[in-house]
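Welcome to a short tour of a protein structure. Please take a moment to look at the sequence and the 3D view before reading on.

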Amino acid sequence: EQFAGHLPTRLKGLDDALCGGIPFGVLTELVGPAGIGKTQFCLKISLLASLPASYGGLEGHVVYIDVESKFSSRRIIEIGSTSFPEIFHRKGMAQEMAGRILVLRPTSLSEFTESLQQIKVLLLQQQVKLLVIDSMAALISGEYDQGAPRQHSLGWHISFLKSLAEFSRIPVVVTNQVRSQRRDEVCQYSFQAQKNAETQEGTDKYDSHVVAALGIHWAHSVTIRLVLEAKSGQRYIKVAKSPMSPPIAFPFIITSSGIAL
Ligand code: GTP
């Protein structure tokens with residue numbers, strides 16, 4: 001599969017596994033339990049998308065759908081000042097970087113649905129280089145329980161987001177919370193990874209162990225799935241689904257400079 005480009009995450013192992021970073025034009029899902037670092041990951045990549053090209057950024061705007069009010073400009077500036085002091089110490093630069101990130105806070109799914117048209121226009125008119133939705137599960141679960149209306153609405157949103165990614169050729173990153181992970185998942189995983197390293201079928205089979213928060217239609221619609229999890233106090237980020245990488249996991253930490261390997 002060929003992608004129009006990538007947004008490097010600066011997590012070297014991950015970028016290598018993804019052949020450069022988070023691909024343009026498709027949906028990438030970040031899944032994991034509460035507090036594992038999904039939002040921290042989104043803040044970091046938002047910063048990277050807005051950085052000047054001379055620093056390896058995409059020099060673009062970011063549209064950030066902040067469903068649970070977890071976005072923090074203060075934190076973006078902290079991550080930026082620690083990771084790129086030479087840029088952020090310039091006068092007015094921190095504000096300029098943070099100002100490139102347009103944060104929308106829909107309070108319901110219908111408000112989000114209405115804002116999708118506005119988002120489409122923004123993607124056409126502005127130099128938007130990244131769309132983040134943190135989190136899709138929170139948006140959907142606020143509106144529906146299980147059942148047909150939920151599936152119908154989800155199906156519509158999935159199709160719309162996929163087409164947004166395709167026509168705008170930018171990365172669309174969506175977070176989802178899973179309730180619990182099997183305690184032995186990392187061990188099972190490396191065994192499974194060895195067994196299935198070469199086959200996409202194997203990847204899918206493993207994938208079905210990961211409780212996809214939004215069901216099977218959603219699970220099949222994302223091109224990349226990154227699973228964040230913790231074991232024995234160590235956090236891991238795992239490429240659980242990808243057309244260009246076998247399942248592979250990397251340890252990470254969260255510091256003042258954000259997510260780091
Ligand atoms: P949910 O939204 O609840 O599903 O969680 P999440 O996966 O989005 O977690 P989030 O990204 O909010 O990560 C929370 C973790 O990030 C905390 O447990 C902290 O370890 C770390 N963290 C959050 N803010 C900071 C910060 O300002 N500095 C540092 N060093 N770590 C932070």
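What follows is a walk through the overall make-up, the sheet, the core, the ligand shell and a few backbone details.

**Overall make-up**

Please keep in mind that this is a predicted model. The protein contains 11 helices and 11 strands. Of its 261 residues, 41% are buried. Among the contacts with a separation of 6 or more, 70% link residues that are 24 or more positions apart.

**The sheet**

In what order do the 9 strands of the open sheet lie? The order is S5-S4-S6-S7-S3-S8-S9-S10-S11, and the pairing is mixed. Strand S5 (101-104) and strand S11 (258-260) are the edge strands, each pairing on one side only. On average, neighbouring strands of this sheet are turned by 25 degrees against each other, direction ignored.

A good place to look is strand S3, at residues 27-32, where 6 of 6 residues are buried. Here is a general point that helps when viewing a strand: in a regular strand, side chains alternate between the two faces of the sheet. On one side of S3 you will find Leu27, Glu29 and Val31, and on the other Thr28, Leu30 and Gly32; all of them are buried, and both faces are covered.

Three strand pairings are set out below.

| Strands | Sense | Bridges |
|---|---|---|
| S3 and S7 | parallel | 6 bridges |
| S3 and S8 (residues 224-231) | parallel | 4 bridges |
| S6 (residues 128-134) and S7 (residues 172-177) | parallel | 3 bridges |

Individual residues can be followed across these pairings. Thr28 stands opposite Val173 in S7, while Glu29 has Arg225 in S8 as its bridge partner. In the pairing of S6 with S7, Ile133 faces Val174 in S7.

**The nonpolar core**

The largest nonpolar core has 66 residues. Which of them touch the most other members? They are Ile45, Val62, Leu130, Val132, Val172, Val173 and Leu226. The element that gives the most to this core is H2, with 7 residues. Val62 makes a nice example to click on: leaving aside neighbours within four places in sequence, its contacts include Ser46, Ala49 and Ser50. Arg100, Ile101 and Leu102 are also in contact with Val62, as are Val128, Lys129, Leu130 and Val132.

**Around the ligand**

There are 14 residues around the ligand, and those that come nearest are Ala34, Lys38, Thr39, Gln40 and Gln177. Two elements give two or more residues to this shell: helix H2 (38-50) and strand S10 (248-255). H2 provides the largest share, 3 residues. Sorted by class, the shell holds 3 nonpolar, 8 polar and 3 charged residues.

**Backbone details**

The peptide bond from Asp134 to Ser135 is cis, with omega near 0 degrees. Ser135 sits in the loop between S6 and helix H7 (136-141).

Cys19 has a positive phi, near 60 degrees, and is a residue other than glycine. You can find Cys19 in the loop between helix H1 (12-17) and strand S2 (22-23). Cys19 counts as partly exposed because it has 14 C-beta neighbours inside 10 Å.

Arg169 is not a glycine either, yet its phi is positive at about 55 degrees. The loop between helix H8 (148-168) and S7 holds Arg169. Is Arg169 buried, exposed or partly exposed? With 15 C-beta neighbours inside 10 Å, Arg169 counts as partly exposed.

Notes. Residues are numbered from 1 along each chain as its sequence is written. This is a predicted model: local features need pLDDT of at least 70, side-chain atom pairs count only at pLDDT 80 or more; totals for chains, interfaces and linings use all residues. Two strands pair if DSSP finds at least two bridges between them. Axes are lines fitted to C-alpha atoms, for helices over the stretch in contact, and angles run from 0 to 180 degrees between N-to-C directions. A residue is near a molecule or strand if its C-beta atom, placed from the backbone, lies within 6 Å of it. Ala, Val, Leu, Ile, Met, Phe, Trp, Tyr, Cys and Pro count as nonpolar, Asp, Glu, Lys and Arg as charged, and the others, Gly among them, as polar. A nonpolar core is a set of buried Ala, Val, Leu, Ile, Met, Phe, Trp, Tyr and Cys residues joined through C-beta atoms within 7 Å. A residue is buried if 20 or more other C-beta atoms lie within 10 Å of its own, exposed if 12 or fewer, and partly exposed in between; C-beta atoms are placed from the backbone. Two residues are in contact if their C-beta atoms, placed from the backbone, lie within 7 Å.
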